[in-house]
Structure formats: structure tokens, C-alpha cells
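Dear colleague,

I am passing the structure below on to you, together with some notes on how its strands are arranged. Please read the notes with the coordinates open beside them.

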Amino acid sequence: MSLIVTYISTRGCVIIGDKRRIAYFGDRSAREKLEEELYSGRIKSDEELQRRASELGLNIKVTDDACKVRSIGDVVVGEISQKTPFETKRRRIYATTGAYQIIELTGSRITSMEKGDTAIIVFGNRIAKEITNDFLKKRWKTRTTLKEVSELLTELMEHVSSRTPSVGSKYDLFMKSPALDKKSAHRLLSETIVRDVKVLQKWRAKLRQEMLERSEEIRLASRILTEGEVGRVTGQDGRHIEVKLSEGVEAYDTRWKHVAGAGEKVLMRIPGEGNVDVGDRVVVKDENLCVDGKDLSLECDVIICRKES
């Protein structure tokens with residue numbers, strides 16, 4: 001989930017990147033289906049994304065606090081990354097006046113590199129890149145100043161974020177215009193990359209810890225309840241109901257912090273009109289949270305799991 005656009009010219013460079021991050025919790029096949037719908041452009045708003053995730057039995061957490069672009073001296077840097085339980089893969093662009101270099105890293109090891117001079121480089125998912133390319137084809141004219149380019153890229157980010165929830169409306173933007181010839185520019189980029197990757201290497205211990213934590217999340221996600229009894233209704237206040245969890249059932253928040261165990265209570269919501277009775281069974285049926293025996297779906301802000309045996 002990213003959109004990073006870098007403009008490189010002989011006058012300087014501009015980079016802009018959104019801050020959105022989406023975390024998925026639930027069945028892998030359901031997650032892949034949601035991502036396919038998201039990146040194909042079928043899902044067009046935050047509300048549609050949340051609703052479709054609920055339909056697929058997924059819990060998602062959407063935040064707009066990721067730092068995808070930054071500056072190092074006279075160089076701007078953009079990065080997209082993909083974390084797995086075993087490794088972190090990164091694609092980075094480093095740019096300055098009249099030059100850019102793109103590297104790919106596995107962990108802190110550079111696995112590929114490409115170089116170029118003036119260009120517009122777009123990092124992003126499929127639908128974000130499609131919307132970006134269409135926008136730039138229609139709106140791009142010969143820009144005389146970096147300020148004009150910055151203003152256009154700001155409009156672009158707002159345009160894309162209004163059409164796909166895979167890109168957030170919050171963004172970071174950096175502009176640099178050092179006086180450099182091509183040779184000096186590429187030398188500066190190479191030196192910056194070496195220093196930056198060394199900094200990354202020093203953080204490998206922290207990254208290994210993050211991978212271990214991610215592995216723990218996957219282990220917990222495998223216990224998400226997809227069928228069976230959740231608990232019993234103990235009370236209702238308007239559209240909110242209180243549910244006492246059944247034996248063998250636990251609840252976690254979206255950061256996988258344990259919030260309730262068997263015999264403890266959690267709050268749920270009735271999204272529309274409806275009433276329940278004390279003692280009604282709350283179940284997951286066909287991966288949907290509902291009241292058993294009544295045509296009444298429920299929502300909650302916790303992840304319901306089977307207790308580990």
C-alpha cells in the first residue's frame with residue numbers, strides 16, 4: 001500500500017509519498033482476495049474496504065503514520081517494503097539534481113541496482129499507478145519551477161487517495177536543488193547509499209525481533225474463530241450488546257494484545273436495527289459473526305480466537 005512519485009530534472013528533484021499502512025488479520029486466502037479487489041480498483045473508499053473486509057471475515061487496521069519518503073542532505077529517498085515472517089524486502093529510490101539510483105535489498109543486502117538521469121519514477125500498487133499515469137498524462141505540462149511540480153504532485157496525491165483506499169490522503173514531500181553535474185550527482189548518490197545501507201545493517205537486530213513478532217502474529221492469526229460459538233448475550237444498551245465469552249474462546253485487540261478470556265465480557269454492536277435477548281448465543285457461522293437463530297449480524301472491535309490447547 002504505497003504511492004511514491006519522484007521527479008528528477010536538471011533543476012532539482014521532488015519526491016512525495018503517502019503515509020498509509022494497512023495490516024490484515026485473518027485467513028490468508030481471504031486476505032489475498034481482498035488485496036486483489038483493492039488493487040484492481042473494485043474497492044474505492046475506506047468504507048467499502050472496511051465493509052468488504054468484514055464480509056470476508058478479516059480484521060484490518062488502517063493507519064496514516066508510515067514514513068515512506070525522507071531526505072539525507074541533498075538527496076531524497078523513497079522506500080516501499082514487504083515484510084514476511086522470514087525477511088524484509090525493500091525497494092528504494094535515491095535522487096538528487098539530474099540523477100537517480102534505485103536499489104533492491106533483501107534484509108540489508110543489495111540485490112540489484114539501476115541508475116538513470118532525468119525522469120518521473122512511480123512506486124505503487126497497480127491501481128495507484130494506473131490512476132497516477134492517467135492524471136499525469138492529462139495534467140502534465142512543461143513545468144518551469146520545482147514549486148509548480150510540487151503543487152501538481154500534491155494535487156496528484158489528493159486525486160489518487162480519493163479514488164482508492166490503498167493510498168492515504170496524508171503525505172510527506174521533499175524538494176532538493178543542489179547545483180551538480182551528472183558525474184557529481186551520481187557520486188553523491190553512491191556515497192549516500194553506502195552510508196544509508198550501513199545504518200540499516202546496524203538495525204538488523206531490531207529487524208530480527210520484528211520478524212519474530214510477526215511470526216507470533218501469524219501463529220495467533222491461525223487461531224481466529226471461523227466457525228462455532230463465541231459466547232452468550234448478557235445485556236443490551238441500544239445498539240451495543242455485552243457478550244460473555246464461552247469456554248475455549250479468547251479476544252485480542254488489533255495489536256494482538258489479550259483483552260478477554262473465557263467467562264469475561266466483550267462489547268459488540270448491532271450495525272442496523274434489532275434486539276437480542278439475554279442468553280442468546282453469539283456464533284461465527286460461515287465466517288460471519290451473528291446471533292444464532294436470528295437474522296442479526298454483529299460487529300466488534302476485537303479479534304475472536306480459539307484458546308490455544
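In this sheet, five strands are arranged in the order β5-β6-β7-β8-β9, and the sheet is open, with antiparallel pairing. Please bear in mind while reading that the model is predicted. The edges of the five-stranded sheet are taken by β5 (69–72) and β9 (109–116), each of which pairs on one side only, and from one strand to the next the twist averages 20°. Within this sheet, strand β7 (residues 88–96) and strand β8 (residues 99–106) run antiparallel and are joined by eight bridges; as a point of reference for the register, R90 stands opposite L105 in β8.

A second arrangement that you may wish to inspect is an open sheet of three strands, ordered β15-β14-β19 and likewise paired in the antiparallel sense. Here β15 (258–260) and β19 (303–306) stand at the edges, and because each has a single partner strand, one side of each is left without a neighbour in the sheet. Neighbouring strands of this three-stranded sheet are turned against each other by 45° on average, with direction ignored. The pairing between strand β14 (residues 249–252) and β19 is antiparallel and extends over four bridges, and the residue in β19 that serves as bridge partner of Y252 is I303.

As general background to both descriptions, the strands of a sheet pair through backbone hydrogen bonds, either parallel or antiparallel.

With best regards

Technical notes: Residues are numbered from 1 along each chain as its sequence is written. This is a predicted model: local features need pLDDT of at least 70, side-chain atom pairs count only at pLDDT 80 or more; totals for chains, interfaces and linings use all residues. Side-chain values use heavy atoms; hydrogens and water are left out. Two strands pair if DSSP finds at least two bridges between them. Helices (H or I, at least four residues) and strands (E, at least two) are DSSP runs, numbered from the N terminus. Axes are lines fitted to C-alpha atoms, for helices over the stretch in contact, and angles run from 0 to 180 degrees between N-to-C directions.
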